[in-house]
Amino acid sequence: MGLAQTQQVLAQLYTNSELRQRFFANPQIVGAELGLSDEETQQLSQISAQQVNIFANSLKWKRLGEVRELLPRTARVLGKNFNDLFWRYAETHLPQGVKKHREDAIAFANFIQQQEIDPAWVKDLVRYEKMWLLAYESHRYLQVCWFHYPIDKLGTNQEIHRQLTLAIWWRLKERSPLHHIVLPNS
């Protein structure tokens, strides 16, 4: 196994807590599942499980911080539930690529939208912030979205009632500013 493959196995151990627990409980069997030789398995099993767990947790906290910055209103509204949902999400999703924090936030927003969450308007808020992330990186863009609640009031202290609201994002040329408008349906 080459250096790149070894790093890939380490990345799996750092990001997948179930795999990590199985590996340190029975390194020979899990090492073979991962394609490691006996010598490679022996070397990896010498690493302190406690240190690997500490490092793995620090990676998850860093991801959480990045995602929280990209979904600020959702994070504020959900409070502690935001963290709880993120820990569940992070067990099964591993961001990759150059813009992995943005992609991680979008994937996490998709995960939240699939959950049963109160109040009902939180899903509109999550979708609204996700649309910002999608719109911001595009060179040319036109997106029109209907929401069930007044998105400009979500997350404020105002009482929220259902009200169809239209949001439009557009960018006509590369490097031109992203425009946005919210139109409540009266």
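Is P119 buried, exposed or partly exposed? I started my notes with this residue, and in this predicted model P119 counts as partly exposed because its relative accessibility is 33%, a value that falls between the 20% and 50% limits for buried and exposed.

**Entry 1: around P119**

I then placed P119 in the chain and found that P119 belongs to the loop between α8 and α9. Going through the backbone there, I noted that the peptide bond leading from D118 into P119 is cis, with an omega near -5°. I also looked up a distant partner along the sequence: V77 is 42 residues away from P119, yet the two C-alpha atoms are 9.8 Å apart in space.

Q114 sits in the loop between α8 and α9 as well. I list Q114 as exposed because its relative accessibility is 64%, over the 50% limit. For a distance within this stretch of chain I took D104, ten residues from Q114, and the C-alpha separation came out at 15 Å.

**Entry 2: the chain as a whole**

I stepped back to the overall layout and counted nine helices and three strands. Their order along the sequence is α-α-α-α-α-α-α-α-α-β-β-β, with the helices written ahead of the strands.

How does the radius of gyration of the chain stand against that of a compact globule of 186 residues? I found 21 Å for the chain, whereas such a globule would have a value near 16 Å. The box filled by the C-alpha atoms, taken along the principal axes, is roughly 70 × 40 × 20 Å.

For burial I noted that 37% of the 186 residues are buried. The accessible surface adds up to about 11,200 Å², and carbon and sulfur atoms hold 52% of that area. Among contacts with a sequence separation of 6 or more, 49% join residues that are 24 or more positions apart. On charge, I recorded 22 positive and 19 negative side chains, with 8 Å between the centres of the two sets.

**Entry 3: the nonpolar cores**

Which residues touch the most other members of the largest nonpolar core? In this core of 35 residues I found them to be L71, F82, F108, I112 and W169. The elements that supply two or more residues to this core are α5 (49-70), α6 (72-78), α7 (80-90), α8 (100-113), α9 (122-136), β1 (141-147) and β2 (165-171), and the largest share, seven residues, is given by α9.

I followed L71 further and, setting aside its neighbours within four places in sequence, listed its contacts as F82, A105, F108, A109, E129, K130 and L133. Two of the names in that list, F82 and F108, had already appeared with L71 among the residues that touch the most other core members.

There is also a second, separate core, made of eight residues, and I noted V9, F23, V30 and L34 among its members.

**Entry 4: a buried arginine and an exposed one**

R102 lies in helix α8, and I count R102 as buried because its relative accessibility is 14%, under the 20% limit. Leaving out neighbours within four places in sequence, I found R102 in contact with L70, L133, L134 and E137. L133 is thus a name I had met before, in the contact list of L71.

R175, by contrast, is exposed, with a relative accessible area of 79%. I located R175 in the loop between β2 and β3 (179-184), and its phi is positive, about 70°, although R175 is not a glycine.

**Entry 5: two further positions**

G79 occupies the loop between α6 and α7, and I record G79 as partly exposed because its relative accessibility is 33%. I measured nothing by hand here; the computed C-alpha separation between G79 and Q113, 34 residues apart along the chain, is 16 Å.

Where is Q21, and what lies across from it at a sequence distance of 32 residues? I found Q21 in helix α2 (residues 17-25), and the residue in question is N53, with 9.3 Å between the two C-alpha atoms. Q21 goes into my list as exposed, because its relative accessible area is 58%.

Technical notes. Residues numbered from 1 in each chain as written. Predicted model: local features only at pLDDT ≥ 70, side-chain atom pairs only at ≥ 80, totals over all residues. Heavy atoms only, no water. Helix = DSSP H or I, 4+ residues; strand = E, 2+ residues; numbered from the N terminus. Rg over C-alpha atoms; globule rule 2.2 N^0.38 Å. Buried < 20%, exposed > 50% of the residue type's maximum accessible area, 1.4 Å probe, protein only. Contact = heavy atoms within 4.5 Å. Areas by Shrake-Rupley, 256 points an atom, 1.4 Å probe, with all protein chains shown as cover. Lys, Arg positive; Asp, Glu negative; His and termini not counted. Charge placed at Lys NZ, Arg CZ, Asp CG, Glu CD. Core = buried A, V, L, I, M, F, W, Y, C linked by side-chain atoms within 4.5 Å.
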